[in-house]
Amino acid sequence: MTKELKLYINGEWVDSSNPETQDILNPANQEVIAKALKATKEETEEAIKAAKAAFESGVWAGRTPQERAKVLLQIADKMEENLEELADLETLNNGKTKREALSDAEESVNTFRYYAALLNNPNGVTYEAAEDIQTMIVKEPMGVAGLIVPWNFPLLMSVWKIAPALATGNSIVLKPAEITPMTAVKVFELIDESDLPKGVANLLMGSGSVVGQTIAESHDVDVVSFTGSTGVGRGIMQAATGNLKKVNLELGGKSPNIIFEDADLETAVDYALFGIFMGSGQVCSSGSRVLVQDSIYDEFVEKYVARAKDIKVGPGNAEGSQMGAIVSGKHMESILEYIQIGKEEGANLALGGSRIERNGMEKGFFIEPTVFTNVTSDMRIVREEIFGPVVAIQRFKDEEEAIRIANDTEFGLAGAVFSKDHTKAMRVIKKVRAGITWVNAYHLTNVQAPWGGYKTSGIGRSISTNALEEYQETKQININMDPKPIQFFD
């Protein structure tokens with residue numbers, strides 16, 4: 001019998017009054033693996049009400065940091081005990097390879113433990129502001145945090161939001177992507193087993209137009225954190241203006257990966273492959289624009305295409321698979337449309353470009369690793385986020401042109417530079433207008449480093465200590481150490 005995924009409101013798994021459900025598919029074969037209930041506007045408001053009541057009661061916000069840390073560690077331990085199941089569910093529902101899903105699950109555990117550890121650190125500032133006045137600067141939880149999660153990293157992005165929001169004493173309402181709720185449901189099953197008080201954490205499946213919009217508009221939600229497309233992010237910002245709630249947005253990207261002629265070519269090729277084909281290119285920070293210096297362009301392309309040909313595409317849980325399925329049929333068609341646009345724009349299709357319908361992948365959503373060469377900055381495949389296994393390799397003459405091309409985009413999420421000249425590499429990377437950057441590497445990051453972008457790639461930062469501030473208010477408390485009349489009107 002197909003599993004039914006229920007809503008989690010005020011500490012209880014509940015049904016929805018909405019008769020409509022969402023079929024949850026395995027993108028590797030289109031099999032229905034679950035049916036998710038779809039929350040109504042009223043049920044969304046009920047979850048927000050439960051979160052607000054829990055916050056105002058102080059049952060969580062009023063606990064000491066050490067008490068909150070203990071619960072976060074409980075959740076981390078339970079996730080670690082269920083690591084394989086979490087990874088299997090992620091692969092089954094999202095289509096990514098098992099090794100990628102397992103890495104996400106391990107990092108999710110680390111994220112909860114990281115924020116638990118931070119809660120044991122002293123924080124706050126005191127100083128003498130004026131004669132006999134002692135000033136304290138303290139951080140306080142905001143209240144109800146609305147957390148809206150994308151489909152490309154359903155588990156990790158959920159945890160990146162849940163952990164810092166709970167650590168700072170907030171109550172939460174989490175909405176996973178409609179098509180990938182499986183691991184979020186599992187995480188909430190584990191949360192339900194922990195000592196987190198009822199009402200503090202709530203989970204709603206459903207559409208963005210109903211659940212997401214209600215969260216963003218609600219005057220009882222104090223902060224909303226969204227990861228997804230830039231277009232939807234703009235809508236979240238507009239909806240949040242009713243009560244001027246704080247908004248954290250991690251949005252799209254079209255990130256440049258700059259390869260200079262003095263780079264270690266083998267290393268550059270290897271990371272450039274990893275930069276776009278990891279996660280089947282469905283990664284916001286993917287290096288989808290590879291900029292290669294003229295003198296090594298042809299050699300780089302030859303080596304790159306030869307390596308990309310050998311990438312083993314297949315179901316994420318199949319032995320030897322290096323690149324998994326596209327998350328849905330709808331998104332696969334969008335990627336294929338962009339590939340057709342690239343060909344019509346005059347780019348050279350050096351590799352791939354087609355759906356894979358062989359070797360047991362006939363029913364799945366698989367696309368070949370696709371490489372375009374001899375592209376120009378005015379092409380749509382260079383300017384727009386495709387969010388798939390499609391890379392555009394562009395020429396540049398010198399350092400100045402590389403920087404100009406790299407920054408010729410509305411986005412500013414990520415970027416990289418490859419060069420043996422570390423002085424040049426640092427000079428260039430500092431001029432790349434992006435929030436997540438690398439020198440002689442790509443995609444490597446950790447929970448201690450803030451994650452977010454410039455320009456239309458978002459507002460605010462995820463993970464690291466910066467994420468705590470996304471869910472906190474800052475208060476000044478001024479203490480008169482020698483109370484006596486001020487005599488202002490004498």
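This report describes one helix contact and one pocket in a predicted model.

## Contact between helices α1 and α7

Helix α1 spans residues 41-57 and helix α7 spans residues 208-217. Their axes come within 9 Å of each other and cross at roughly 40°. That angle makes α1 oblique to α7. The crossing of the two helices is right-handed.

On the α1 side, the residues of the contact are Lys-41, Thr-44, Glu-45 and Ile-48. They meet Val-210, Val-211, Thr-214 and Ile-215 of α7. Divided by class, the residues of this contact comprise 4 nonpolar, 2 polar and 2 charged. The two charged residues are Lys-41 and Glu-45, both in α1.

## The second largest pocket

The second largest pocket of the model has a volume of about 480 Å³. It is lined by 23 residues, of which Asn-123, Lys-139, Thr-168, Leu-468 and Gln-472 are the closest to the pocket centre.

Four elements each give two or more residues to this lining: α2 (65-81), α4 (98-118), β7 (133-141) and α15 (464-470). Strand β7 supplies the largest share, with 5 residues. Lys-139, one of the residues closest to the centre, falls within the range of β7. Leu-468, also among those closest to the centre, falls within the range of α15.

## Composition of the pocket lining

By class, the lining of the second largest pocket consists of 12 nonpolar, 7 polar and 4 charged residues. Among the residues closest to the centre, Leu-468 is nonpolar and Lys-139 is charged.

Conventions:
Residues numbered from 1 in each chain as written. Predicted model: local features only at pLDDT ≥ 70, side-chain atom pairs only at ≥ 80, totals over all residues. Heavy atoms only, no water. Axes fitted to C-alpha atoms, helices over the stretch in contact; angles between N-to-C directions. Parallel < 35°, antiparallel > 145°, perpendicular 65-115°, else oblique. Left-handed = near helix turned anticlockwise from the far one by under 90°. Contact = heavy atoms within 4.5 Å. 1 Å grid on protein atoms, 1.4 Å probe; cavity = no way out; pocket = protein on both sides within 12 Å on 5 of 7 lines; lining within 4 Å. Points joined across faces, edges and corners; volume = space filled by probe spheres on them.
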